[in-house]
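Work through the exercises below with the coordinates open. Each task is followed by a solution in steps.

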Amino acid sequence: MKLTSFFSQRGIRGYVTFEQKSPESEVVINVDLQSAFVTPIRLSWEVREFPVDYRKEMEERCLESEIGTSVLNLGQLVGELNLPDNASERLTTNKFSLTGKNGIWGRSLLMSFIEGEPDNVVQQLAGCATITVDGDFEERVAEVRFYYPLAGSIWFRWLGSSSIVDSVIYNEGLFHVSENLDKMSGKHKSRSLPTKHGWQVFASDILDSEADKSRANCNFLQILFDPDSRDDSNCSEDNSGSCKAGDLTSKLGKITVQPNPALKPSAAASAKKLFRDPHFPMPTEISANAAVATRSLYVVLYDPQHEDSFLACARLRRHHPRIVQANAPGLPRVRLTQYSPFEPTRMDVNATSAMVTNTLSSEDVHLKIHEFPVPPLSGLGAVNFKTKNSSGVDPRCNEVGYIFEPKINPPKESPYPRPGGGTQDRYFLGDLGGKHGFFHVGIGTGPRTMWDAYLPLHGKYSVAQRALVAHKITNDEENVEGEAIACAPLVPEEPVITAVAQFQYPAVGRVLFRQINGDPLADTAVIVEYLTYTDGTKNDTDGHRWALSESPIGRDFYNWSERCVSAGPRNNPFKVPLNSNDKGKEPGDCQNINFGSALICAQGDLSGRHGTLKVTATRKNLVITKKFFSDSHLPLEGANSIIGHSVVLYDDFGPKARGERLGCATIGWHHRLKAVAKDWFGSGEGGGGTVSPVHGKVEMIQQSEYDDTDVEVTLDGLDGEERGYYIHEASVEIYQEFPCEESSLYGTWDPFTAQQNHAKREYLAIGDLSGKHGSLDGLEKTTFAYNDTQLPLYGVYSVIGRSVIIHRGKMARRWSCSTIERGYSPSEARELRAIASFHHPKGFAYGYIRMKQLIYNDGSRSDTAIEVKLRHPGKNDRNFTQNHNWAIFVNPVGQDAAVPTYNTRCVAGGYRWNPYYNQLADPLNDELYRAECGQDNPLRCDVGDISGRLGPIHLGGRRQLFNDVNLPLEGTVSAIGRSIVIYNKEGRSERFACANIEPDKDIIKYANIRKPPRFVTAQFIDDVREVMGLPEWMLTVDSRKTKVLHGGGCIQFLLHFKGPIANQLEQDFSRLMSVGKLERPSLYIPGAHPSSKRKSQLAYRPCGTRDPNEKSSKKFGSQNLCCSLSPSNIIISFAVLISFLLFIH
């Protein structure tokens, strides 16, 4: 067995290892230390009671209150250390063991400088480190976290191999949350003395569900944990092997719970305790091979006065290692692992030749961790990415804040230690290059593994989900660090779930909460993206307290009096007592922000744990409002989830009538997005039609805009000549004869013009999937997966609604294509579609604006995908005008959509839709509004100001696709039922054209038609549209499903009836095919009257199940009319069937 302690503090760095072959053999101690001092130094060393908590600062973590008193003085046992004389030394002893009752595993090693003469020795702290497992031994960790009526954590750690098994139980410091109730007086009194409690481990029933296991009380626990069914008749502390495994009181004695440290600070120092229990087996619920745990374990503490009554219980949960990685082109692959809060962090850096890019080819880089995550490819991040410089460097790498250093007084030393030349406490926490030296990237570079004692992945100083940045090395001695040349987020390897609180008035912005899925005890990353005023306020403000409140908000977030009262009081589910300066229902001044003491604060006291926030009035200052925190007290899942609560922002200097609350927002799920291309069309070339031989899918999943996109490709039906696959700009139009052509789908999706700039691999076009991840050359069937750092499903550059094209042959011709649709389960969400149809015969624009949005079952919604296809009226009109602003107005329009004069056109629409009262304090200041509303600040725009968020549109030319983050289609604030107004070209203010936003249905129907000589499908569809009075987008045909039946006597179509009256259109078509005539157009247009010369009859007739060329045994009049189905497709409209039966009757 081998144990290790890693040091890098106060000029001492290196390792001390302990090895023992068996519990009875001698212990071999290997010392491998380096000193940064010029003169020799003397060190004392001793084993302390408790492990080091690496969540805390180095100055604090080695105090006696943290690591306890000495349990083994190694200086007296094997001698003090003298550096550099015995910097590398091998010592042996048989005076202690690594495991067992008096083992040192799980404790800490403390070193101190020895100064002065022998008769006047003075010791000063040199460093401390946990004595942790190394080598082939396996360690498992579990946590039991209590919240009420006592709080704190108990940690279980198991160590196992083929010959040695050991376990320790560490009481990190339980304390009473509530005050003591005096039953005589009925008053609460502060507990001043610790209490001792019996404690046991229980197992839940095998039939208990997850809901059962989340019950607030402990009364459902009846089964004492006893996997070996031990006979406990001889159980005692001296004979613990005879005790039942879960009977901790009998084996270890009672556990101590201290008074609340907030009420009695001295209690924290005496709260810790470490127990050794070699007879507590690792439960199968914790072991790695337990795929499905049928039971859960609970630690129960008994009431000290009524020893048979449960006081509190908490579930024992496996603590998985925290692993984060940064993986992006242009960066070495960096992986950080921290097995528990009581161990240092392991850093693995891999910069092999496979990772070499033009950006970092064979050179040294300085790696640093910065404050904030890399901005996503939406909003501000997208705007910055579009301005990347000629070298291809991502400018978002300059938007991640300063190097991460949480200390108020960061380390200062003159001269500053050279990179890799000092101990880790002399550098900023995030300065990886300083602590470990520069990292060489290039051919032949091998992987490196290092340990870091000041790089936590737990607690408030966690670096998880921040940004890793590679800086160029310069020859400037005074400024070694050069510009940022690559960056990537440090994302957890486990899936992460996200919640969001979005403010609307009088300040807008988002606060995101991100936590590892399925682990409510994991730290939650809190990202305050930005906060900016929308009401017309012109000054930045600071010092805003913020809190988590009990209830979701109502409509009072814009009230002038008693604002946000609906959010309720500050959330305090565990009844944390109020301190002397607390305002009761409002946030207090809880300043105990270390882990553990976070439980001393009310869950909702965010400003107490993290400080106050800023709100800016200008877009240029958005960056000053950005914040990032790591919080151990904000679970997104479980009984104490913050979902459904609200975030309240305070203003201590606001009007008294309004109250202290400035704004509020409900916390809801930020759902992942899934996109899939699976409905394939052929190119139409070579006589193959539009039926594609390709089967399978290209599936993309992005958990949030801060996560990479996971891509899975599963394709069959390839012929080995495929060259590549790409995402193109537009969606597939199913009615096209050649649906994959450039005239319809345009070029590769490349909003940042990377292709034209001949960008390096890491900055290829978003849609160049083959260029980034390999081609399909030579494959006939394939399945593979990868993740893409630049393939957004959220935000303005989302690929949803665009298309995937497979190219084939030496000329890379377009061979097969499919639209990228949203993927979702009906149990999860539903898709809502809307359309603004510009089809008035006397109107000034012709075409449509289509909108799609997912509405989730919890009421939240996705971004809205928008497709714009507009031209000037007239079948052959080829005019092209651009820079038309467009907006949603509050009311629908009528026949005023076709009024010739600008002054009265579209006036029924009213005014631009502004449901959140943007700029209410200064409504006429359009200059201020235009300066602040933009693509990088979309929530600052009126909901109706689409061009303010997305930019103008054009009439004529290509289709345009947009993704709007603030366009709701359902709920109390919905665009459906209103109107879209298009302004005149080149940014002019006249209302040019308008149409109402209505639901967009899609009714599918098969139709069998007799095929006359010289039949042309396009002519048939045009004739039907003319009789029914429909624009082409309300009636389309799926060209892949067209079939010739009965030896050429009939033809079958799959028709799509679309728009707000799709049901009526399907019925009118059935009537038209049945009787051959339609008296009036299906589509009513206000102010437009059908011409008396309108075509109302159709010469085509339906086809039945029999070949029309065969002689019929029965004749009805002069025609053989039948409307049933072909044998190959048993699909028919019910309306057509009824019409046929009525006819023969």
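The exercises treat a predicted model and cover cores, a sheet, ring pairs and charges over rings.

**Exercise 1. Nonpolar cores**

Task: Find which members of the largest nonpolar core touch the most other members.

Solution:
- The largest nonpolar core has 81 residues.
- Within this core, Phe18, Trp45, Leu109, Met111 and Leu336 touch the most other members.
- Take Phe18: leaving aside residues up to four places away in sequence, its contacts include Met1, Leu3, Val27, Ile29, Phe96, Leu109 and Ile131. Lys2 is also among the residues that Phe18 touches.
- A second core, separate from this one, has 74 residues, among them Leu673, Leu715, Ile727 and Trp886.

**Exercise 2. Edges of a sheet**

Task: In the open sheet with strand order 29-26-25-24-32, determine which strands stand at the edges.

Solution:
- The sheet has 5 strands, and their pairing is antiparallel.
- Strand 29 (448–452) and strand 32 (491–492) each have a single partner strand, so one side of each lacks a neighbour in the sheet and these two are the edges.
- Strand 26 (residues 345–350) is joined to strand 29 by 5 bridges, and the two run antiparallel.
- One residue pair to locate is Val349 with its bridge partner in strand 29, Arg448.

**Exercise 3. Classifying ring pairs**

Task: Classify the ring pair Phe202 and Phe310, then the ring pair Tyr848 and Trp1033.

Solution:
- The model contains 34 aromatic pairs.
- For Phe202 and Phe310, the centres are 5.6 Å apart and the planes stand at 65°; planes over 60 degrees apart count as edge-to-face, so this pair is edge-to-face.
- Phe202 belongs to strand 18 (residues 199–203) and Phe310 to strand 23 (residues 310–318), so that the pair links parts of the chain 108 residues apart.
- Phe202 is buried at 7% relative accessibility, whereas Phe310, at 28%, is partly exposed.
- For Tyr848 and Trp1033, the centres are 5.7 Å apart and the planes stand at 55°, so the pair is tilted.
- This pair links residues 185 apart: Tyr848 in strand 52 (residues 846–856), and Trp1033 in the loop between helix 13 (1017–1028) and strand 61 (1035–1037).
- Both Tyr848 and Trp1033 are buried.
- Elsewhere, ring pairs link Phe50, Trp155, Tyr170 and Phe342 into a cluster.

**Exercise 4. Charges over rings**

Task: Identify which residue lies over the face of Tyr848, and which charged end sits over the ring of Trp749.

Solution:
- Over the face of Tyr848 lies Arg850, at 4.7 Å from the ring centre.
- Over the ring of Trp749 sits the charged end of Arg802, 3.5 Å from the centre.

Methods
Residues numbered from 1 in each chain as written. Predicted model: local features only at pLDDT ≥ 70, side-chain atom pairs only at ≥ 80, totals over all residues. Heavy atoms only, no water. Core = buried A, V, L, I, M, F, W, Y, C linked by side-chain atoms within 4.5 Å. Buried < 20%, exposed > 50% of the residue type's maximum accessible area, 1.4 Å probe, protein only. Contact = heavy atoms within 4.5 Å. Pairing = 2+ DSSP bridges. Helix = DSSP H or I, 4+ residues; strand = E, 2+ residues; numbered from the N terminus. Phe/Tyr/Trp six-rings, centres within 6.5 Å; stacked < 30°, edge-to-face > 60°. Lys NZ or Arg CZ within 6 Å of the ring centre and 35° of its normal.
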